[in-house]
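Student: Can we walk through this structure step by step? I would like to learn how to read it.

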Amino acid sequence: MYFYLFRSADHRACHLKPIAFPLVAEIDEGANRHYFSAKTFQVMAVKFSISLTDEQQRFAKKLVEARRYSSVSAVLQQGFDLLSQRMHNDDQEGAAQKALLDQRSVGALVSGAPMDESIARMVAKKRRAHAVQN
């Protein structure tokens with residue numbers, strides 16, 4: 001998630017809002033909501049102070065010195081972007097797993113013995129198909 005200070009071109013509206021890529025702003029005027037593309041706004045990144053361990057700082061500086069990133073800030077921005085993407089993917093995966101479990105919970109349950117027989121038949125079929133002997 002990104003946080004940006006949105007200022008309209010006419011400077012009438014200014015909001016600090018969490019947004020997701022691509023940049024889109026929402027201005028709430030009571031019952032009316034307006035959505036704008038990032039082209040409508042002057043975008044300024046919010047600056048704040050953070051603390052890094054010595055190891056984290058050395059690692060970030062090493063990446064900058066190796067010219068993999070233009071600044072320590074760019075390293076941290078990439079880290080936040082990766083963390084955001086990972087959390088988004090984890091949320092989607094969790095939702096998919098929940099949907100699968102919900103779908104399976106509606107179906108008929110198979111007890112242990114019939115399931116064991118079904119698995120044994122499947123293994124025997126695969127062994128025959130690949131000419132594998134016991």
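Student: In which helix does V75 lie?
Tutor: This is a predicted model, in which local features need pLDDT of at least 70, side-chain atom pairs count only at pLDDT 80 or more, and totals for chains, interfaces and linings use all residues. Residues are numbered from 1 along each chain as its sequence is written, and side-chain values use heavy atoms, with hydrogens and water left out. Helices (H or I, at least four residues) and strands (E, at least two) are DSSP runs, numbered from the N terminus. On that numbering, V75 lies in helix α2.

Student: Is V75 buried or exposed?
Tutor: Buried means under 20% relative accessible area, exposed over 50%, and partly exposed in between (1.4 Å probe, protein chains only). V75 has a relative accessible area of 12%, so V75 is buried.

Student: Which residues does V75 touch, not counting residues up to four places away in sequence?
Tutor: Contact means heavy atoms within 4.5 Å. As for C-alpha atoms, those of V75 and K61 are separated by 8.9 Å, and these two residues are 14 apart along the chain. The residues that V75 touches are A60, L63, V64 and Y69.

Student: What span should α1 have at 1.5 Å a residue?
Tutor: The expected span of a helix is 1.5 Å times one less than its number of residues. α1 has 12 residues, and its end C-alpha atoms are 16 Å apart. That agrees with the expected value, 16 Å.

Student: Which residue takes a positive phi just after α1?
Tutor: Look in the loop between α1 (54-65) and α2. The residue there is exposed, because its relative accessible area is 77%. Its phi is about 60°, although it is not a glycine. The residue is R67.

Student: Which residue forms a salt bridge with K98?
Tutor: A salt bridge is a side-chain nitrogen of Lys or Arg within 4 Å of a carboxyl oxygen of Asp or Glu. Side chains of opposite charge can pair when their charged atoms come close. The structure holds 1 salt bridge. Its closest N and O atoms are 2.9 Å apart, and the partner of K98 is D102.

Student: How many residues apart are K98 and D102?
Tutor: Both lie in helix α2 (residues 72-106), and their separation is about one turn of the helix. An α-helix has 3.6 residues a turn, so residues three or four places apart point the same way. D102 is partly exposed, because its relative accessible area is 38%. The separation of K98 and D102 is 4 residues.

Student: What area does the nonpolar surface patch with M122 have?
Tutor: Patches are made of residues with over 30% relative accessible area and no salt bridge: like charges are joined within 9 Å, nonpolar side chains (Val, Leu, Ile, Met, Phe, Trp, Tyr) within 5 Å. Accessible areas come from the Shrake-Rupley method with a 1.4 Å probe; for residues, only the protein chains shown count as cover. M122 lies in helix α3 (residues 112-129). With V110, M115, I119 and V123, M122 makes a patch of about 430 Å².

Student: Which residue with a positive phi follows α3?
Tutor: α3 has 18 residues and reaches 26 Å from its first C-alpha to its last, close to the 26 Å expected. In the segment after α3, a residue that is not a glycine has a phi of about 55°. It counts as exposed, because its relative accessibility is 67%. This is A131.

Student: In what order do the elements of the protein chain run?
Tutor: There are 3 helices and 5 strands in the protein chain. From the N terminus on, the order is β-β-β-β-β-α-α-α.

Student: Where is confidence lowest in the protein chain?
Tutor: pLDDT is the predictor's confidence in each residue, from 0 to 100. The chain has a mean of 76, and 64% of its residues reach 70 or more. Where pLDDT is low, the predicted coordinates should not be read in detail. Confidence is highest in α1, at 95, and lowest, at a mean of 48, in strand β3 (residues 24-29).
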